[in-house]
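Reader: I am new to this structure and would like a close look at a single part of it. Please take one helix, say what lies over its buried side, and follow that into its surroundings.

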Amino acid sequence: MKELVDYIVKSLVDDPESVSVAELKGPGSTTLELSVAASDMGRVIGKGGRIINSIRALLLVPAAKQGLLVNLELLEADGGSR
């Protein structure tokens, strides 16, 4: 799932080098922390949150196959949460 988010987001942003995805596993759930440059936040969020919500929806398929819950959090490169 981490690789899927990495691939999608790097295709969207102007600065793919600043994209990083951290995977935090818990019992029955996984949290993915996506970090992008501040200048690319708008591209990843999209109008009304459509793009980030679409990425979250795409994560439901592999998560369901593994029987997990997945949470995707968006962070600025400096570590601030959105």
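Author: The cover over the buried residues of helix 1 includes strand 1, strand 2, strand 3, helix 2 (41–45) and helix 3. This is read from a predicted model. The residues being covered are Val5, Ile8 and Val9. Viewed down the axis of helix 1, these buried residues fall within an arc of 90°, so they line one face of the helix. On the face turned away from that buried side, helix 1 carries the exposed residues Glu3, Tyr7 and Ser11.

Helix 1 spans residues 2–12 and lies across strand 1, strand 2 and strand 3. With strand 2, helix 1 makes an angle of about 25°. Another helix also packs on the sheet: helix 3, residues 50–66, touches strand 2 and strand 3. The direction of helix 3 makes about 150° with that of strand 3.

Next, the sheet itself. It is an open sheet of 3 strands in the order 1-2-3, with mixed pairing. Strand 1 (20–26) and strand 3 (69–76) are at the edges and have a single partner strand each, so one side of each is left without a neighbour in the sheet. On average, neighbouring strands of this sheet are turned by 20° against each other, direction ignored.

Strand 2 covers residues 29–36 and runs parallel to strand 3, to which 8 bridges join it. In one example, Leu34 has Leu74 of strand 3 as its bridge partner.

Strand 2 also holds Ser35. Is Ser35 buried or exposed? Its relative accessible area is 11%, and the cut-off for buried is under 20%, so Ser35 counts as buried. Leaving aside residues up to four places away in sequence, Ser35 touches Ser18, Val19, Ser20, Leu75, Glu76 and Ala77. With one of these, Glu76, there is a polar contact: the side chain of Ser35 reaches the backbone oxygen of Glu76 at 3.5 Å.

Last, the confidence of the prediction. The protein has a mean pLDDT of 90, and 94% of its residues reach 70 or more. Among its elements, helix 1 has the highest mean pLDDT, 95, and strand 3 the lowest, 92. Where pLDDT is low, the predicted coordinates should not be read in detail.

Definitions and conventions:
Residues are numbered from 1 along each chain as its sequence is written. This is a predicted model: local features need pLDDT of at least 70, side-chain atom pairs count only at pLDDT 80 or more; totals for chains, interfaces and linings use all residues. Side-chain values use heavy atoms; hydrogens and water are left out. Two strands pair if DSSP finds at least two bridges between them. Helices (H or I, at least four residues) and strands (E, at least two) are DSSP runs, numbered from the N terminus. Axes are lines fitted to C-alpha atoms, for helices over the stretch in contact, and angles run from 0 to 180 degrees between N-to-C directions. Contact means heavy atoms within 4.5 Å. Buried means under 20% relative accessible area, exposed over 50%, partly exposed in between (1.4 Å probe, protein chains only). The arc is that of the directions from the helix axis to the C-beta atoms. pLDDT is the predictor's confidence in each residue, from 0 to 100. A polar contact is a pair of N or O atoms within 3.5 Å; within protein, one must be able to donate a hydrogen and the other to accept it, and residues adjacent in sequence count only if both atoms are side-chain atoms.
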